[in-house]
Amino acid sequence: MAKEVYTGKLKVQIGRVQASAISDNYFPVVGQTVKIDASTKWGQSSEWQTQDGGGNTVTTAGKLTLQKDSKEIMISAAGELQQKFIARNYLTETAVTKMIYAMIPQVLPYFDVTSNEIVRVGDISTVTVALKNGYTGDCEITVKAYKENEAVINRTFSSIGRPSIDYKYGYSTTFSEASDRGIYDIEVDVKDITSGITFTKRINKLVTITPKLCPKPDDTSTGYEVSSTYDSMTTYSGKKVFEIRLWRNVNDTGLNYAEAILPHGDAIASYERMKIGLLPAGTTLCLKLDPEEPEPYACRFLPTGITEANVTNENGSPNFTYEQPLIITHDNKEVWNWVWRYYGALSISNNLRNIVFDGRGYHNTSIKFTPLSGSVYNTCIFLVGGTSDWEMFGCDVDDAGFAGISAKTDPNAGNPWFWRENGWEMTNLKIHHCTFQNTAGEGVYIGYYGTGTLAGGYQPHLLRGLRLYRCKFFHTGFDPVQINNSVSTEVCYLDIEQCCFKQEVNQANTFSCTMDGKVYNCKVWDNYSSIGIIFPFMSKLEMYNNILIAGKDSLAFSWTKWSDDNTVQMDNDLVFSIYNNIIKGRIIATIAGNISYTNFSMNDNVFITSEGDTELPGYFTGSGNVFIQNNEEYDVLDNYLKVADSANYDYQPNYNSMLVSAGNNALSDYDMRGYKRWYNLVHHSGPLMGIYKDTSISDESVPLTLDSITLSAANNKTVAVTFNYSGSYSPIKYRVGEVANLPGIDWKDYSGNITYTFASTGDKVLYGQLQDVEGNITAIKSAIITIAEEAAHKAVISIGWIKSEINNQSIIFDEELKINKVNYSTVASTWKWSDGTDGGTILKNNANGIATSASGGMSGAITGDDSGVYPDAVLEKNVLIMRTGTEEDFTTYCEALISGLLPGRYKIRLYNSLKSTDTSLTATAKYQIVVGDTATDFTFPEGYDIRNNLTQWIEQEVTVDNSFLLRWGRREGGIGTHRYPVNIIEIEKI
């Protein structure tokens with residue numbers, strides 16, 4: 001049959017009508033007006049069926065114009081009010097239903113918290129508390145700031161006047177010192193005067209204090225010195241010498257101002273790198289375009305430090321510090337559309353550290369990075385070649401040939417100074433208030449992708465202290481968030497939308513991460529992919545308070561883990577805790593491999609799967625989870641859960657939603673909005689409590705009861721006090737004393753580390769009492785202990801443990817062996833004397849040193865049958881440094897700081913052992929104690945050999961006031977490649 005041919009005519013077939021709708025408020029107060037906006041495709045007419053609470057459904061004709069319509073409804077009474085929009089064409093009709101949960105004005109103090117989130121040192125930080133849910137009662141408001149994750153109040157905000165007509169209260173404070181730089185959590189208490197009830201919100205990482213910009217000189221044509229020069233090609237005069245101009249101590253502020261031009265460069269916008277590592281501390285470097293070049297032209301920022309990454313990992317910008325970093329910024333009055341090309345608009349390398357890239361600039365705008373149309377371009381921002389301690393904000397990366405940011409120094413057989421085994425880490429990377437969109441590859445690519453040992457027998461460096469927060473990811477080709485080899489990580493407050501659009505099988509994961517830390521308060525929606533392949537790295541990973549929606553027909557998670565020797569194994573160390581999330585996908589997860597995990601749990605989540613999962617996957621355990629089968633029946637899901645609008649990813653439950661009481665664990669103290677849990681015995685599933693507290697839910701509490709007191713044995717007159725209690729509430733106050741009824745003893749804040757010091761030795765009785773948040777006071781209980789005469793103190797510290805080997809703690813005291821097992825890190829760990837009393841602290845005082853347990857080899861010698869001075873598991877642990885080449889002087893070493901000692905004389909003994917055949921190891925080794933300005937080397941006894949050592953110690957006596965430094969490495973003049981360990985440190989007070 002011949003095909004039909006129409007000449008001079010257009011034949012169009014109308015499609016099935018489609019419709020969607022969204023409300024501006026799903027939880028209005030009676031008297032408020034709600035607006036619903038609707039959109040259609042193929043619609044020709046529309047109709048509304050609305051309810052305002054008056055008891056009737058009102059049907060009105062719509063006003064569909066350009067496929068859009070809207071309706072306003074004045075709410076007259078409380079209730080669950082159904083609003084229906086119907087779109088029609090001559091073939092079909094489609095109805096969209098939205099539920100409005102109207103309420104009467106509430107009598108308890110509900111509120112929202114907002115802030116100016118980025119504040120420079122010296123500027124005013126403001127917080128606005130807006131009362132919600134119709135609450136207008138008399139109230140007391142307290143606004144407090146905490147350094148991130150800390151429990152001690154840093155400062156309290158002051159009220160800045162009367163509330164506005166819509167019940168918004170303003171508060172302010174100033175972070176005036178350079179040391180105030182950092183991330184702050186904001187906690188707000190609102191106490192209703194009438195009822196005495198207080199509601200609390202804690203919003204993490206709400207305020208970031210960034211360094212102060214140096215004021216610009218009044219005249220930038222004179223008064224400067226030339227810090228350095230760099231050559232570049234130009235379009236107007238060939239090769240030209242450019243200058244970094246520096247003005248010192250501008251306006252007597254103690255701050256410095258510098259300017260540098262981003263030149264046109266050659267065909268790939270390259271030029272001689274700028275020597276920014278020479279600038280002094282506290283400098284603001286203002287980047288400018290070349291006024292003689294035609295705009296727009298593609299430019300790149302190519303700085304360098306004073307050291308070469310292919311030679312050393314030594315700091316390339318030693319002038320800069322955390323409190324006095326180099327700030328790189330601009331002075332554009334509008335958004336700076338930075339046009340770039342080739343490999344990186346920013347290419348930061350050669351060990352540059354302590355740098356803040358301030359995209360907001362002098363006029364609080366932003367930077368938008370856009371590649372030159374038609375040019376070759378790759379990743380937009382490279383943080384490589386030993387870069388560390390980098391903060392950036394106020395930037396929008398729009399389009400990249402690969403990733404928005406690549407932050408890592410790739411492992412290389414020729415650069416051992418960047419191996420994990422040698423202790424170098426990329427620390428304190430902070431990326432916040434940025435946008436990454438339309439990238440061909442990842443949004444952010446942080447850390448080397450592989451986490452195991454490479455073919456050369458070495459491992460990629462760690463990232464420590466990464467903070468990725470309050471950023472937006474939109475329409476990335478591959479994984480928006482890829483992070484690996486990272487510890488002490490926090491990823492939070494991210495909006496991730498329409499990502500993984502390329503749908504590459506192996507690179508279509510919202511989160512492609514192997515890391516330790518936390519992922520919380522993130523929203524993922526409209527993506528083309530799974531939620532991710534995300535896994536703990538060395539110790540523990542938590543995911544909570546997230547809304548995670550996988551792409552249509554995508555599973556939520558996928559995990560595959562095989563053992564190296566292909567044998568079935570059980571892992572008892574890694575901890576993975578997934579709780580209080582909304583998780584939607586085809587199924588929850590696929591799990592493959594031959595390793596099972598005993599500490600993987602899923603609790604109090606809401607799982608929405610199209611295939612109808614009804615149990616947790618694989619080796620995961622948990623309770624309080626809600627399982628629902630649903631795909632795109634949004635109105636059915638909303639009605640069942642009584643949530644706002646799942647089609648538009650708003651899962652806020654109504655006060656009477658089943659989710660309010662479906663949980664079983666209370667693992668999260670705060671919900672996704674920041675509210676501190678309202679109930680004591682009732683626990684919610686998902687990331688959110690109800691829109692307001694349902695006071696009809698039974699939440700009867702059991703009064704706090706003090707069952708007993710336990711005192712630890714001690715001989716320094718100071719004892720640890722443990723209160724053994726029961727009841728619905730935890731204690732908030734305590735008091736202790738030696739007289740039965742505790743006369744005149746003040747209440748103190750309760751903590752998990754309570755001690756009491758007796759004035760003398762002998763048999764003692766200690767009395768104690770507790771108080772809870774409701775003001776309930778327990779009966780007084782007592783405990784008896786004998787305080788022995790003070791004996792000589794000895795402490796044994798075994799270093800080289802990873803956290804998974806010591807209950808995921810930084811240090812534990814082995815009561816049986818009477819030794820401290822330490823995770824050697826830059827975090828101070830409190831060790832104990834052999835009698836169990838607290839001693840001083842130990843911390844890693846420089847970047848060098850790696851624990852044997854973390855590197856998979858190079859352990860200390862063992863007996864094979866635990867017959868040594870300590871069990872083999874202790875003897876094999878060490879922290880070592882590897883040195884190559886020739887040692888000119890003793891300046892590169894591991895350095896441990898041991899502090900908190902009482903003044904006096906101490907004997908320090910070291911046990912050093914390494915499985916090795918290195919015949920020159922001991923001869924080239926150096927161990928040293930430093931007290932004040934005095935350095936004393938350990939001497940080796942005759943026949944001493946570090947290799948395969950099982951019995952020999954070295955010792956030194958020193959007099960200290962409070963602390964000493966312990967150093968180990970290769971002595972002056974040593975050559976070759978050697979590894980120098982410390983296994984055990986023994987401290988004895990003489």
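**Exercise 1. Classify the residues that line the largest cavity, and locate them.**

Solution. The lining of the largest cavity divides into two nonpolar, two polar and four charged residues. The model examined here is a predicted one.

Step 1: list the lining. It consists of Arg 181, Tyr 322, Asn 354, Asp 389, Trp 390, Glu 391, Asn 428 and Lys 430.

Step 2: assign classes. Tyr and Trp count as nonpolar, while Asp, Glu, Lys and Arg count as charged. The outcome is the division into two nonpolar, two polar and four charged residues.

Step 3: find the main contributor. Strand S27 (residues 388–393) gives the largest share of this lining, three residues.

Step 4: add the volume. The largest cavity has a volume of about 60 Å³, and the count of cavities of 30 Å³ or more comes to two.

**Exercise 2. Describe the second largest cavity and the elements that border it.**

Solution. Step 1: take the volume, which is about 30 Å³ for the second largest cavity.

Step 2: list its lining, namely Thr 97, Lys 98, Met 99, Asp 635, Asp 638 and Asn 639.

Step 3: sort by class. One lining residue is nonpolar, two are polar and three are charged.

Step 4: identify the elements. At least two residues of this lining come from each of S7 and H1.

**Exercise 3. Determine how the buried residues of helix H1 are arranged and what covers them.**

Solution. Step 1: pick out the buried residues. In helix H1 (residues 634–641) they are Leu 637, Asp 638 and Leu 641.

Step 2: look down the axis. The buried residues of H1 fall within an arc of 100°, so they line one face of the helix.

Step 3: recall the geometry. An α-helix has 3.6 residues a turn, so residues three or four places apart point the same way.

Step 4: find the cover. Strands S7 (93–102), S51 (606–609), S52 (626–629), S53 (643–645) and S54 (650–653) are among what covers the buried residues of H1.

Step 5: check the end of the helix. Lys 642, just after H1, takes a positive phi of about 55°.

**Exercise 4. Characterise the nonpolar cores and the surroundings of Trp 338.**

Solution. Step 1: start from a general tendency. In soluble globular proteins, nonpolar side chains tend to be buried together.

Step 2: describe the largest core. It has 93 residues, and Ile 276, Leu 285, Phe 301, Trp 338, Phe 369 and Phe 511 have the most contacts inside it. Strand S39 (residues 509–520) supplies the largest share of this core, four residues.

Step 3: describe the other core. A second, separate core of 63 residues includes Ile 100, Leu 131, Val 143 and Cys 492.

Step 4: inspect Trp 338. Leaving out residues up to four places away in sequence, Trp 338 touches residues including Leu 262, Leu 287, Phe 301, Phe 357 and Phe 369.

**Exercise 5. Decide for Ser 115 and Asn 506 whether each is buried or exposed, and give its setting.**

Solution. Step 1: place the residues. Ser 115 is in strand S8 (residues 111–115), whereas Asn 506 lies in the loop between strand S38 (495–497) and S39.

Step 2: apply the cut-offs, under 20% for buried and over 50% for exposed. Ser 115 has 17% relative accessibility and therefore counts as buried. Asn 506, at 69% relative accessibility, therefore counts as exposed.

Step 3: examine spacing. Ser 115 and Thr 128 are 13 residues apart along the chain, with their C-alpha atoms separated by 6.1 Å. For Asn 506 and Thr 220, 286 residues apart along the chain, the C-alpha separation is 52 Å.

Step 4: list contacts. Not counting residues up to four places away in sequence, Ser 115 touches Thr 126, Val 127, Leu 206 and Val 207.

Definitions and conventions:
Residues are numbered from 1 along each chain as its sequence is written. This is a predicted model: local features need pLDDT of at least 70, side-chain atom pairs count only at pLDDT 80 or more; totals for chains, interfaces and linings use all residues. Side-chain values use heavy atoms; hydrogens and water are left out. Buried means under 20% relative accessible area, exposed over 50%, partly exposed in between (1.4 Å probe, protein chains only). The arc is that of the directions from the helix axis to the C-beta atoms. Contact means heavy atoms within 4.5 Å. A nonpolar core is a set of buried Ala, Val, Leu, Ile, Met, Phe, Trp, Tyr and Cys residues joined through side-chain atoms within 4.5 Å. On a 1 Å grid over the protein atoms alone, a cavity is a set of points where a 1.4 Å probe fits but cannot get out, and a pocket is an open set with protein on both sides within 12 Å along at least five of seven lines; lining residues have an atom within 4 Å of a point. Grid points are joined across faces, edges and corners, and a volume is the space filled by probe spheres set on the points.
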